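Biologist: Could you give me a close look at one spot in this model, and then work outward from there to the rest? Keep it loose, but spell out the cut-offs as you go.

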Amino acid sequence: MGADRICVGAIAGAFGVAGEVRLKSFCVPPEAIASYGPLLTEDGGRSFGVRLTRPVAGALGARLSGVATREEAEALRGVRLYADRAALPALPEDEFYHADLIGLAAHDPGGALLGQVRAVLNHGAGDLLELERAGGPSVLVPFTRAIVPAVDLAAGRIVVDPPEGLFE
């Protein structure tokens, strides 16, 4: 999508019969997704105003501008929604948008290249960085200060001090 937009949610399908959607928010708090202005599709071809209607199991009920029927809502299932970076809050020095971490080179404390960040995953116990290694399988690294002591967005790199045996 580019550095000027950040993925803030995805449409999980239709909710009800009048065009509401189940909206999965990637924001903290989840309700903040409605405050970031019109949200855009990945290709920028469509934009939607968002009005939250009610909590839904694991998501939020929402009305999107221009979506009036269940069929229109269901057709949007899986569409990821993006906000302009300028509309998002500035983060503290030790927090990062996932989109900013993807693509960074990962080096060990001695400077040797370990791989490149391919994804940031969270399965409930904290963030994991998926490092793609040249000539080897991908490795999941806990994104903690102890294991990733340095993130330098300007230089496009992170330092990873892996636990014993992680890369073997």
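Modeller: Let's start at D94, which counts as partly exposed at 49% relative accessibility. On this scale, buried is under 20% relative accessible area, exposed is over 50%, and partly exposed lies in between (1.4 Å probe, protein chains only). Before going on, some bookkeeping: this is a predicted model, where local features need pLDDT of at least 70 and side-chain atom pairs count only at pLDDT 80 or more, while totals for chains, interfaces and linings use all residues. Residues are numbered from 1 along each chain as its sequence is written, and side-chain values use heavy atoms, with hydrogens and water left out.

Back to our spot. D94 makes a salt bridge with R145, and their closest N and O atoms are 3.7 Å apart. The rule asks for a side-chain nitrogen of Lys or Arg within 4 Å of a carboxyl oxygen of Asp or Glu. D94 sits in the loop between β7 and α2 (98-101), and R145 in the loop between β11 (139-142) and β12 (150-152), so the pair ties together parts that are 51 residues apart in sequence. Helices (H or I, at least four residues) and strands (E, at least two) are DSSP runs, numbered from the N terminus. Unlike D94, which is partly exposed, R145 is exposed, with a relative accessible area of 59%.

That pair is one of six salt bridges counted by the rule. Another joins D84 and R5 (3.2 Å, N to O). Here too the chain is bridged over a distance, with D84 in strand β7 and R5 in strand β1, 79 residues apart. Both ends are partly exposed: D84 has a relative accessible area of 36%, and R5 has 22%. A third pair is R77 with E74, whose closest N and O atoms are 2.6 Å apart; E74 is partly exposed at 29%. As for charge overall, the protein has 15 positive and 21 negative charges, with mean positions 9 Å apart. Lys and Arg count as positive, Asp and Glu as negative, and His and the chain ends are not counted; each charge is placed at NZ of Lys, CZ of Arg, CG of Asp or CD of Glu.

The D84–R5 bridge leads into the sheet. Strands β1 (residues 5-15) and β7 (residues 80-84) pair in the antiparallel sense over five bridges, and G9 stands opposite L81 in β7. Pairing here means that DSSP finds at least two bridges between two strands. The whole open sheet has seven strands in the order β4-β3-β7-β1-β2-β6-β5, with antiparallel pairing. At its edges are β4 (47-48) and β5 (50-56), each pairing on one side only.

Now to β6. Five of the six residues of this strand (residues 59-64) are buried, so β6 is largely enclosed by the rest of the structure. β6 pairs with β5 in the antiparallel sense over six bridges, with L52 opposite A62. β2 and β6 pair antiparallel over three bridges, where R22 has G61 as its bridge partner. β5 and β6 form a hairpin with two residues between them, and G58 in the turn has a positive phi of about 75 degrees. Most residues other than glycine have a negative phi, and most peptide bonds are trans. On the second count, the bond from V28 to P29 is cis, with omega near -5 degrees. P29 lies in the loop between β2 (20-25) and β3 (39-41).

One last residue, over in β12: A150 belongs to that strand and is partly exposed at 31%. Leaving aside residues up to four places away in sequence, A150 touches I158 and V159, a contact being heavy atoms within 4.5 Å. From A150 to S65 is 85 residues in sequence and 42 Å in space, C-alpha to C-alpha.

Zooming out, the protein has two helices and 13 strands, and its C-alpha trace spans about 55 × 30 × 25 Å along the principal axes. Of the 168 residues, 33% count as buried.
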